[in-house]
Amino acid sequence: ADDVCADLFAIATTQSDDLPSGPSDSALNILETAKVASIECANIFGGDRMANPMAPFPDADTDAIGVSHMKARSGSPMKGLQLDVERMFIESVEVFPHSMHMMEFSRNAVVATVLKVAFKSMIEQSRFCSFTPYGYKQMQVDCAFLRHMVLHYVKDDKMADGTNGCKSLYNLLSDVILNVGDRCSERECVGQEEYFDEGRGGLLTPLSIAGSIMAVGDPEITAKFVISEA
């Protein structure tokens, strides 16, 4: 939780007209922790070290098409009442197992809990911050990056408590963005999912910006969070 929140205030208060260059160090630290937990649990409980191989990031054009389709269904970026309605449909997530439930001792359950704690910490800490437009965009990039990476660590299956670990994590990340949007100083940027930067190839989305970390091709960076087969 400390790693998650260490840079959140700095992100929230950053003033810049530029777009984020990629995921923040906080987002990378979360996944580095998930990687360590996943490998150590596999060593203890046996089984695979990862849930799935890391999925490739879509290019900007492909992701922008998906974003445009969502906008066609939902209309303009979320504002006021739309944010409240969106929040109503996010299911509450139990981060820690209920005292009456048996803890599931598996790699999948432990890693899902580690990520739940991290994402819940993001929600709680964001409530103490006011976000600049840049800070909001950086959180969009971080959440898009984390959402894309969830399936690398957690299987899309029901766990012993009847919940789906991936769905729970996606709900928490949606709640992060809603909380950050509530606290953004510029309402016009809340819910915006497409940005134009001629110097970076034109149309960009939070996920295409997040994927730029792979385009850099620095093995030292990717080795921090990508789990290898052996």
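**Close-up views of the predicted model**

**View A. Glu 124 and its charged partners.** Glu 124 counts as partly exposed, because its relative accessibility is 32%, a value that falls between the 20% under which a residue is called buried and the 50% over which a residue is called exposed. The model shown here and in the other views is a predicted one. Side chains of opposite charge can pair when their charged atoms come close. Lys 120 forms a salt bridge with Glu 124, and the closest N and O atoms of this pair are 3.7 Å apart. Arg 127 meets Glu 124 in a salt bridge as well, with 2.9 Å from N to O. Through these shared partners, Lys 120, Glu 124 and Arg 127 are joined into one network. Lys 120 is partly exposed, since its relative accessibility is 30%, and Arg 127 is also partly exposed, with a relative accessible area of 38%. The count of salt bridges comes to 2.

**View B. Helix 6, the helix that holds Lys 120 and Glu 124.** These two residues are 4 positions apart in helix 6, which is about one turn of the helix. An α-helix has 3.6 residues a turn, so residues three or four places apart point the same way. Helix 6 has 20 residues and reaches 29 Å from its first C-alpha to its last, which is close to the 28 Å expected at 1.5 Å a residue. Because 14 of these 20 residues are buried, helix 6 is largely enclosed by the rest of the structure.

**View C. The largest nonpolar core of the model, with 53 residues.** Which members of this core touch the most other members? They are Leu 115, Phe 119, Met 139, Phe 145, Tyr 153 and Val 154. Two or more core residues come from each of helix 2 (8-13), helix 3 (25-45), helix 6 (107-126), helix 7 (133-153), helix 8 (165-182) and helix 9 (206-210). Helix 7 gives the most to the core, with 10 residues. For Val 154, when residues up to four places away in sequence are not counted, the residues touched are Ala 51, Asn 52, Asn 108, Val 111, Ala 112, Leu 115, Gly 165, Cys 166 and Leu 169.

**View D. Helix 3, from its buried residues to the glycine just after its end.** The 21 residues of helix 3 should span 30 Å at 1.5 Å a residue, and the C-alpha atoms at its ends are indeed 30 Å apart, so the expected and computed values agree. Among the buried residues of this helix are Leu 28, Ile 30, Leu 31, Ile 39 and Cys 41, and the polar or charged residues Ser 26, Lys 35 and Ser 38 are buried too. Just after helix 3, Gly 46 takes a positive phi of about 85°.

**View E. A nonpolar patch on the surface, made by Ile 44, Phe 45 and Phe 105.** The area of this patch is about 360 Å². Is Ile 44 buried or exposed? Ile 44, which lies in helix 3, is exposed, because its relative accessible area is 65% and the cut-off for exposed is over 50%.

**View F. Two pairs of residues far apart in sequence, Ala 55 with Leu 151 and Asp 182 with Ser 130.** Ala 55 lies in the loop between helix 3 and helix 4 (60-74), and this alanine counts as partly exposed at 37% relative accessibility. Although Ala 55 and Leu 151 are 96 residues apart in sequence, their C-alpha atoms are 8.2 Å apart in space. Asp 182, which has its place in helix 8, is partly exposed, with a relative accessible area of 34%. Between Asp 182 and Ser 130 there are 52 positions in sequence and 8.9 Å in space, C-alpha to C-alpha.

**View G. The chain as the setting for the close-up views.** The chain contains 11 helices and 2 strands, and from the N terminus on its elements follow the order α-α-α-α-α-α-α-α-β-β-α-α-α. Of its 230 residues, 46% count as buried. Among the contacts with a separation of 6 or more, 81% are between residues 24 or more positions apart. The accessible surface of the chain comes to about 11800 Å², and carbon and sulfur atoms account for 54% of this surface.

Key. Residues are numbered from 1 along each chain as its sequence is written. This is a predicted model: local features need pLDDT of at least 70, side-chain atom pairs count only at pLDDT 80 or more; totals for chains, interfaces and linings use all residues. Side-chain values use heavy atoms; hydrogens and water are left out. A nonpolar core is a set of buried Ala, Val, Leu, Ile, Met, Phe, Trp, Tyr and Cys residues joined through side-chain atoms within 4.5 Å. Buried means under 20% relative accessible area, exposed over 50%, partly exposed in between (1.4 Å probe, protein chains only). Contact means heavy atoms within 4.5 Å. The expected span of a helix is 1.5 Å times one less than its number of residues. Patches are made of residues with over 30% relative accessible area and no salt bridge: like charges are joined within 9 Å, nonpolar side chains (Val, Leu, Ile, Met, Phe, Trp, Tyr) within 5 Å. Accessible areas come from the Shrake-Rupley method with a 1.4 Å probe; for residues, only the protein chains shown count as cover. A salt bridge is a side-chain nitrogen of Lys or Arg within 4 Å of a carboxyl oxygen of Asp or Glu.
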